[in-house]
Amino acid sequence: MGRVDLGGEARPAYRVAMRELPQDARPRERLWREGPGALAEAELLAIILRTGSQEGSALDLARYLLGRFGGLVGLGKASPEELSVVKGVGPAKAAQVAAALELGRRLGAAVRFRVAVNTPEDAAALVMPEMRHLEREEFRVILLDTKNRVIGVETVAVGSLNSAGVQPREVFKAAVRRSAATVILVHNHPSGDPTPSREDVALTKRLAQAGELLGIEILDHIIVGDNKYISLKAEKLL
């Protein structure tokens, strides 16, 4: 039996085209009938891809992409360029997938906004789903109104694996522009260990002093690890 290749992986030559599947087994028809929540990730991705290639159906290609990039989280980290080089994807489908994943990220952020952040747990829950998977260190600011409701989350610095160059003017520029009453500092440790370094503590104190001059209080500094976090305020380091 011959074999075909999907992005470098050998596959059996026999396959079933999407149009050959029974109506009740096709992802698009299932979505209309049962709702998007009933579909597996590969089926949803197949709808976005729309078509497959000579090597397989859209569902085959979707399953391959999820396997190659390590699931939905890994796929979300892939650049359009990385997606486009997979056989059967190309620039157009890569753009479709990247756009859909970005919409998902923005929707997830939007529904979390306008909620109140009253505890370190609240702040960590707001950023943990995305920041725990970042491969580089990022420094973000959670902007709050007078009732501790989230106005937005701004990224102010992106660094290497172990550092992020943070300037006070960048931290508070976002707060002033969005008329934030208070802010919570957040950054991640790609190592997965949220233990604060001496530099983390020193930076926090420096930013707190700058905030006092501007009349914008820093409520906390949350360091995110792999599904765990540390609050500098709770640790009495702020």
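Which strands does helix H7 lie across? Helix H7, residues 120-131, lies across strand E3 (138-144), E4, strand E5 (182-188), E6 and E7. With E6, helix H7 makes an angle of about 45°. Keep in mind as you look around that this is a predicted model.

Let's turn to the sheet itself. Strands of a sheet pair through backbone hydrogen bonds, either parallel or antiparallel. Here, five strands form an open sheet, and reading across it gives the order E4-E3-E5-E6-E7. The pairing in this sheet is mixed. At the edges you will find strand E4 (150-158) and strand E7 (229-231), each of which pairs on one side only. From one strand to the next, the twist averages 20°.

Now follow one pair of strands. Strand E6 covers residues 217-224, and three bridges join it to E7. These two strands run antiparallel. To see one bridge for yourself, find Ile222, whose bridge partner in E7 is Ser231. Another helix, H9 (residues 198-214), packs on the sheet, where it touches E3, E5 and E6. The direction of helix H9 makes about 160° with that of E6.

Next come the charged side chains. Side chains of opposite charge can pair when their charged atoms come close. A search of the whole structure finds 10 salt bridges, and three of them make a good tour, starting with Arg30 and Glu43.

The side chains of Arg30 and Glu43 meet at 2.7 Å, N to O. Arg30 sits in helix H1 (residues 27-34) and Glu43 in helix H2 (residues 41-49), so the two are 13 residues apart in a pair that links distant parts of the chain. Are these two side chains buried or exposed? Arg30 has a relative accessible area of 15%, so it counts as buried, and Glu43 is buried too, at 12%.

Asp226 and Arg132 form a second salt bridge, with their closest N and O atoms 2.8 Å apart. Asp226 is in the loop between E6 and E7, while Arg132 is in the loop between H7 and E3. The partners are 94 residues apart, and the pair links distant parts of the chain. Asp226 is partly exposed at 41% relative accessibility, and Arg132 is partly exposed at 30%.

The third stop is the salt bridge between Arg178 and Glu154, whose closest N and O atoms are 3.0 Å apart. Arg178 lies in the loop between helix H8 (168-177) and E5, and Glu154 lies in strand E4, so this pair ties together parts that are 24 residues apart in sequence. Arg178 is partly exposed, with 33% relative accessibility, whereas Glu154 is buried at 17%. Salt bridges can also share partners: Arg30, Arg33, Glu34 and Glu43 are joined into one network in this way.

Glu43 brings us back to helix H2, which packs against helix H3 (residues 58-68). How are H2 and H3 oriented to each other? Their angle is about 120°, and their axes are 8 Å apart. The two helices are therefore oblique to each other, and H2 passes H3 in a right-handed crossing. On the H2 side, the contact is made by Glu41, Ala42, Glu43, Leu45, Ala46 and Leu49. On the H3 side, the residues in contact include Ala58, Leu59, Leu61 and Arg63. Notice that Glu43 belongs to this helix contact and also meets Arg30 in a salt bridge.

Note on methods: Residues are numbered from 1 along each chain as its sequence is written. This is a predicted model: local features need pLDDT of at least 70, side-chain atom pairs count only at pLDDT 80 or more; totals for chains, interfaces and linings use all residues. Side-chain values use heavy atoms; hydrogens and water are left out. Two strands pair if DSSP finds at least two bridges between them. Helices (H or I, at least four residues) and strands (E, at least two) are DSSP runs, numbered from the N terminus. Axes are lines fitted to C-alpha atoms, for helices over the stretch in contact, and angles run from 0 to 180 degrees between N-to-C directions. Contact means heavy atoms within 4.5 Å. A salt bridge is a side-chain nitrogen of Lys or Arg within 4 Å of a carboxyl oxygen of Asp or Glu. Buried means under 20% relative accessible area, exposed over 50%, partly exposed in between (1.4 Å probe, protein chains only). Angles under 35 degrees count as roughly parallel, over 145 as roughly antiparallel, 65 to 115 as roughly perpendicular and the rest as oblique. A crossing is left-handed if the near helix is turned anticlockwise from the far one by less than a right angle, and right-handed if clockwise.
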